[in-house]
Amino acid sequence: MTKPRRILVSSALFYANGPLHLGHILETVQTDIWVRFQKLRGHACYYVCADDTHGTPIMLKAQSEGVTPEQLIERVKIEHQRDLADMLIGMDNFGSTHSPENKALCDRMYLTQRQAGFIDRRSVRQAYDDEAKMFLPDRYVKGICPVCGTADQYGDSCENCGSTYTPADLKDPISVVSGTAPVWRESEHYFFKLSAFEQALSTWVRSGAVQESVVRKLDEWFSQGLRDWDISRDAPYFGFEIPDAPGKYFYVWFDAPIGYLASFTQLCARNGLRFDDFLKLDSSAELHHFIGKDILYFHTLFWPAVLQASAMRRPTAVHAHGFLTINGQKMSKSRGTFITARRYLDHLSPEYLRYYFAAKLGPGIDDIDMNLDEFTTRLNSDIVGKLVNIASRCAGFITKTSGGRLASSLADRELYAAFVAAGDAIAEAYDGRDTASAIRDIMALADRANQYVDLRKPWRLAKDPRSAAEVQSVCTQALNLFRVLMIYLQPVLPDMAAKARRFFQESEWSWAHTAAPLLGTAITPYEPLALRLDPKVVARLVDPEAAAPPAPAAAPGAADTATIAAATAVEGNLISIDDFLRVDLRVARVLHAELVAGADKLLKLQLDVGELGRREIFAGIRAAYDHASLAGRLIVVVANLEPRKMRFGISEGMLLAAGPGGKDIFVLSPDSGAAPGMRIK
Ligand SMILES: [Zn+2]
């Protein structure tokens, strides 16, 4: 067993200015899976987070709703917590940056920094809205980026080139509050001396604390030189007043990351943990942050420097992830693809989303696309067709023919040992946040478990009472393989794993529970663990009003003509039922798939077509499918197609697939329960 680690984890804070959407959920799911995995391995891992509640937008929003900022953030916090709980995010503490704990910690850290000489006071010229009577925060001034010239950029950073600057650097600035050009006024500000940490930060980012691709991004910033950081804002502002500086407030990005730690102090008070054990300079505990790649500057430069200046340890690692796109595009309210967490939860189980994200998330910062069609097929194929299929086909026989008791020995110990041995690579993938790789490995095992069942056909054996012991033996083997898979999947599918655990009548699971099979014990009657996803329900995730096509501009007659033309085209192609029945479509199972030397588009497949025996076919799906992933899968083939002699051999049939070609080919599969050789009609 690995040495126990002590780990403190946070995902980025949620801005209390609106509802959580699937982008937030992507991040918390990634974090949650990582944390649950660490706990399953026996490590002491704590997941804390908070709402980010300060700043001018919250203040103005509360004003416009006629409530106090405190009332606004309290309401949002309740919504956020409910959404996170329903997404099965198992945070250990969810706080708020507007808490007394955070106020105390901000003051303490700031005073330590000031004492050590890292705080400067400078007079700065600042944008002031003479009409709204307020100094303008960076994001309330817009203009042309001084670095790349892109129009309509905020006053703190450019979305196009990623440069950071101050509003005074913008060309042609205007106030977002009143739409007037701001005037410039002198005001005294407090600066954090970031420049003093340039060398230390450069070393830290190369210590493995950030991903390789992030190091390259940071090097661009290092090459420009790090500028001291203005951490104060003038009243009116919703936040914490800076000690000994009436009318001056901490900038929201100063107190927000400290909010992670303030949230942790609440957990410490509740659970008897010691804050300093995790945060003191020489702490052996780990500190990990999960963030979106848009807030790298704050977390990989400001934050470690702020910690160092406060005589605290720096993060072990800051893990960045990419953005979430929906159907290949940025989430958009006008396209109806701005999917809130609540909208998703109103229609679908959180575990489908958790599984899908897990299957797509790698260790890098590439964007993650949620394609709703692929979402449906992936879930139905993996969870229903493969995973749950193992248990649903075998559990009933144990209940019916073996008195609900598992056999007392394993039929195939070698196969079980292979499932246990695969756990090392799966654990390594989870630990390295490569959940996509973990899921690939787990599903490959699910295929092997299904092959085991297919080959022994307990439903056929069960017809003969003399085979009762063999039925029990086969089903015991399969259910034990299923149990190992569910333990591996527990970080991703916590509820389903809990149900499976109760089915096996076990009180808890750790990773180590995979080592020994469950034998001779009673199981409870099986209840379905997952239901098939209906594409019609998935389609409801997209807001129908926003997504509805615009009313046709042409006269009604034009639309009618088009409809009629389409109908006629189909009519010319009509066939009789007899025509259709001439095509012998069969369910087949892929026994083995391999690459074909000299043919970069083809895969060679060995098929089991039930009563028709074995077939060998060539299929042009190599760009779309990893050959290793196909074994065990059910497909549909044209069984009475004339054999075709090819350069590489004879193809004895054709598999059915949809799509334009290349990577976009989608092989058809029947629902679970179908058996090789079944005729499709
Ligand atoms: Zn720019």
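Biologist: Which residue caps the N-terminal end of H11?

Modeller: This is a predicted model, in which local features need pLDDT of at least 70 and side-chain atom pairs count only at pLDDT 80 or more, whereas totals for chains, interfaces and linings use all residues. Residues are numbered from 1 along each chain as its sequence is written, and side-chain values use heavy atoms, leaving out hydrogens and water. Helices (H or I, at least four residues) and strands (E, at least two) are DSSP runs numbered from the N terminus. At the start of H11, a side-chain oxygen lies 3.0 Å from the backbone nitrogen of Glu 351, and the residue that carries this oxygen is Ser 349.

Biologist: How many of the eleven residues of helix H11 are buried?

Modeller: Buried means under 20% relative accessible area, exposed over 50% and partly exposed in between (1.4 Å probe, protein chains only). The buried residues include Glu 351 and Arg 354 as well as Tyr 352, Leu 353 and Phe 357. Helix H11, residues 350-360, is largely enclosed by the rest of the structure, because the number of its eleven residues that are buried is ten.

Biologist: Why is the arrangement around the zinc ion called tetrahedral?

Modeller: Donors are N, O and S atoms within 2.8 Å of the metal (3.2 Å for Na, K and Ca), and water is not among the atoms, so sites may look incomplete. The protein donors here are the SG atoms of Cys 145, Cys 148, Cys 158 and Cys 161, lying 2.2 to 2.3 Å from the zinc ion and following the spacing C-x2-C-x9-C-x2-C along the chain. Four donors count as tetrahedral if all angles lie between 85 and 135 degrees. The arrangement is tetrahedral because the four donor atoms subtend angles of 106 to 112 degrees.

Biologist: Is Cys 161 buried or partly exposed?

Modeller: Its fellow donor Cys 158 is buried, with a relative accessible area of 4%. At 27% relative accessibility, however, Cys 161 counts as partly exposed.

Biologist: Which side chain of opposite charge is nearest to Asp 129?

Modeller: Asp 129, in strand S5 (residues 119-129), is buried yet has no salt bridge, a term for a side-chain nitrogen of Lys or Arg within 4 Å of a carboxyl oxygen of Asp or Glu. Lys and Arg count as positive and Asp and Glu as negative, while His and the chain ends are not counted. The nearest side chain of opposite charge lies 7.6 Å away and belongs to Lys 133.

Terms used:
Four donors count as tetrahedral if all angles lie between 85 and 135 degrees; four count as square planar and six as octahedral if opposite donors are over 155 degrees apart and all others between 65 and 115; anything else is irregular. A polar contact is a pair of N or O atoms within 3.5 Å; within protein, one must be able to donate a hydrogen and the other to accept it, and residues adjacent in sequence count only if both atoms are side-chain atoms.
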